[in-house]
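Reader: Can you walk me through this one? Let's begin with the sheet.

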Amino acid sequence: MKNKTGIIVVDLQEDFTELKNGALAVPNTGQEYVEKVRKATEEYNRKGLLVYATQDWHPKNHCSFAVNHPGTNVFETIELAGRKQTLWPVHCVMHTPGAEILLPAYLFARVIQKGTDPEFDSYSGFADDGGASTGLENSLRADGIENLIIYGLATDYCVKATVMDAIKAGFNVKLRIDLCRGVARDTTEASIHEMIERGAEIIEG
Ligand SMILES: [Zn+2]
């Protein structure tokens with residue numbers, strides 16, 4: 001098939017959803033949302049499209065956790081080794097239930113873990129803030145993927161960063177907006193504008 005399309009499901013993990021009161025739950029991510037994402041992803045899988053998942057996967061001493069920077073508060077942005085780092089509640093600690101992906105494993109051709117280095121955050125599924133590749137781009141190239149449909153959590157952080165890096169890497173990107181949820185309304189709207197400006201096409205199921 002020419003112009004092969006792949007799917008990237010970004011961070012559909014327990015800690016980012018309201019389903020089980022995740023540590024960093026994004027608004028409007030209860031059962032209805034998770035079911036909708038599951039059904040759509042099953043449909044793509046049934047059609048024979050390769051589906052990739054990104055998974056936030058942090059060590060306990062990760063730099064994005066406010067608790068690891070005494071005197072700071074969650075959601076504060078600090079300067080860290082010359083970079084801006086927003087501080088979050090402890091979330092998606094590797095091998096804990098909060099880090100689990102809420103969709104069945106059989107749906108995925110590959111799961112890409114990110115944020116595994118304690119010193120660097122990684123909103124993007126492609127590379128962390130230190131520039132280290134996650135291997136996602138190589139996988140997509142090896143599978144002959146040229147077009148991507150991207151959705152998941154959260155629109156204004158990891159979805160946006162993943163979309164931007166995908167476009168930068170030369171993929172044609174569609175953002176499946178009905179399967180995305182954002183942390184805050186203003187940053188979500190701004191991020192959608194930025195993604196469109198950069199060349200993403202907005203689609204709905
Ligand atoms: Zn994280």
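Author: Sure. This is a predicted model. It has an open sheet of 6 strands, in the order β5-β2-β1-β6-β7-β8. The pairing is parallel.

Reader: Which are the edge strands?

Author: β5 (110–114) and β8 (201–203). Each pairs on one side only.

Reader: And how are neighbouring strands turned against each other?

Author: By 25° on average, direction ignored.

Reader: Go to the β5 end. How many bridges hold β2 and β5?

Author: There are 5 bridges, in the parallel sense. β2 covers residues 50–56. Within that pair, Gln55 of the chain stands opposite Gln113 in β5.

Reader: What does helix α1 lie across?

Author: Helix α1, residues 31–46, lies across four strands: β1 (4–10), β2, β6 (145–152) and β7 (172–176).

Reader: At what angle to β6?

Author: About 165°.

Reader: Zoom out. How many helices and strands in the protein chain?

Author: The protein chain has 4 helices and 8 strands. From the N terminus on, the elements run β-α-β-β-β-β-α-β-α-β-α-β.

Reader: Switching to cysteines. How many disulfides?

Author: The count comes to 0. A disulfide needs two cysteine sulfur atoms within 2.5 Å.

Reader: Why is there no bond for Cys63?

Author: Its closest cysteine sulfur, in Cys158, is 13 Å away, so that is too far for a bond. Cys63 is buried, with a relative accessible area of 7%.

Reader: Then what about Cys158, which cysteine sulfur is closest to it?

Author: The one in Cys92, at 8.8 Å. That is also too far for a bond.

Reader: Is Cys158 buried or exposed?

Author: Cys158 is buried, with a relative accessible area of 7%.

Reader: Overall shape now. What is the radius of gyration?

Author: The protein chain has 16 Å. A compact globule with 205 residues would have a radius of gyration near 17 Å, so the value agrees.

Reader: And what does the C-alpha trace span?

Author: About 55 × 35 × 30 Å along its principal axes.

Reader: How many of the residues count as buried?

Author: Of the 205 residues of the protein chain, 52% do. The accessible surface comes to about 9,800 Å². Carbon and sulfur atoms hold 49% of that surface.

Reader: Last one, on contacts. Take residues at least 6 apart in sequence. What share of their contacts joins residues at least 24 apart?

Author: In the protein chain, 71%.

Key:
Residues are numbered from 1 along each chain as its sequence is written. This is a predicted model: local features need pLDDT of at least 70, side-chain atom pairs count only at pLDDT 80 or more; totals for chains, interfaces and linings use all residues. Side-chain values use heavy atoms; hydrogens and water are left out. Two strands pair if DSSP finds at least two bridges between them. Helices (H or I, at least four residues) and strands (E, at least two) are DSSP runs, numbered from the N terminus. Axes are lines fitted to C-alpha atoms, for helices over the stretch in contact, and angles run from 0 to 180 degrees between N-to-C directions. Contact means heavy atoms within 4.5 Å. Buried means under 20% relative accessible area, exposed over 50%, partly exposed in between (1.4 Å probe, protein chains only). The radius of gyration is taken over C-alpha atoms; the globule rule is 2.2 Å times the number of residues to the power 0.38. Accessible areas come from the Shrake-Rupley method with a 1.4 Å probe; for residues, only the protein chains shown count as cover.
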